[in-house]
Amino acid sequence: MPLLTLMERPAVTFEGMDLWENNDQGCEIMMRHLEEARTVAENADAYSANAERILRDFKPNEDMLEIFKTDFQLRLLWGSKGAMVNRAERYDKFNLILMALSRKLEPLVKHTEL
């Protein structure tokens, strides 16, 4: 899907566009990513063997594994009730939090400074 998105973008580069938003460079970057992904896939056996060797005597703590689960992260960030609401409501609330922090922490800009 990202390759199609890159190919559909206009060829004109507008001010403020990121490097990857240019068709020619974006496709080149995409090809490099695909080549690196192929390299990782080709070396998967070596990575697995290395991980098994390093983790041979590792004993995971089941209680600690809980912190890597999505449900735990949702409860941690939003509380048990907030984790049950839909994503849009959480994003709206997060946006309000960011706006409040911005108003509190960023210096006021005077009109004369603009």
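The accessible surface of the protein chain adds up to about 10,600 Å², and carbon and sulfur atoms hold 60% of that. Keep in mind that this is a predicted model. The chain has 114 residues, and buried ones make up 10% of them. As for secondary structure, you get six helices and zero strands.

**Overall fold**
- Going along the sequence, the pattern reads α-α-α-α-α-α.
- Take the contacts with a separation of 6 or more: residues 24 or more positions apart account for 10% of them.

**Nonpolar surface patch**
- Phe 94, Ile 97, Leu 98, Leu 101 and Leu 105 make up a nonpolar patch on the surface.
- Together, these five side chains' residues offer about 470 Å² of accessible area.
- Leu 105 sits in helix α6, which covers residues 87-105.
- With a relative accessible area of 64%, Leu 105 counts as exposed because it is over the 50% cut-off.
- Phe 94, another member of the patch, is partly exposed at 41% relative accessibility.

**Aromatic pair**
- The count of aromatic pairs comes to one.
- That pair is Trp 78 with Phe 94, arranged edge-to-face, with 6.2 Å centre to centre and 80° between the planes.
- The partners are 16 residues apart and link distant parts of the chain: Trp 78 belongs to helix α5 (residues 70-82) and Phe 94 to helix α6.
- Trp 78 has a relative accessible area of 17%, so it falls under the 20% cut-off and counts as buried.
- Phe 94, at 41%, is partly exposed, so the pair brings together a buried ring residue and a partly exposed one.

**Salt bridges**
- There are two salt bridges in the structure.
- One joins Glu 66 to Lys 69, with the closest N and O atoms 3.7 Å apart.
- In the other, the side chains of Glu 66 and Arg 75 meet at 3.3 Å, N to O.
- Shared partners tie Glu 66, Lys 69 and Arg 75 into one network.
- Glu 66, which bonds to Lys 69 and to Arg 75, is partly exposed, with a relative accessible area of 28%.
- Lys 69 is partly exposed too, at 47% relative accessibility.
- Arg 75 also counts as partly exposed, with 38% relative accessibility.

Note on methods: Residues numbered from 1 in each chain as written. Predicted model: local features only at pLDDT ≥ 70, side-chain atom pairs only at ≥ 80, totals over all residues. Heavy atoms only, no water. Patch = residues over 30% accessible without salt bridge, like charges linked within 9 Å, V, L, I, M, F, W, Y side chains within 5 Å. Areas by Shrake-Rupley, 256 points an atom, 1.4 Å probe, with all protein chains shown as cover. Salt bridge = Lys/Arg side-chain N within 4 Å of Asp/Glu carboxyl O. Helix = DSSP H or I, 4+ residues; strand = E, 2+ residues; numbered from the N terminus. Buried < 20%, exposed > 50% of the residue type's maximum accessible area, 1.4 Å probe, protein only. Contact = heavy atoms within 4.5 Å. Phe/Tyr/Trp six-rings, centres within 6.5 Å; stacked < 30°, edge-to-face > 60°.
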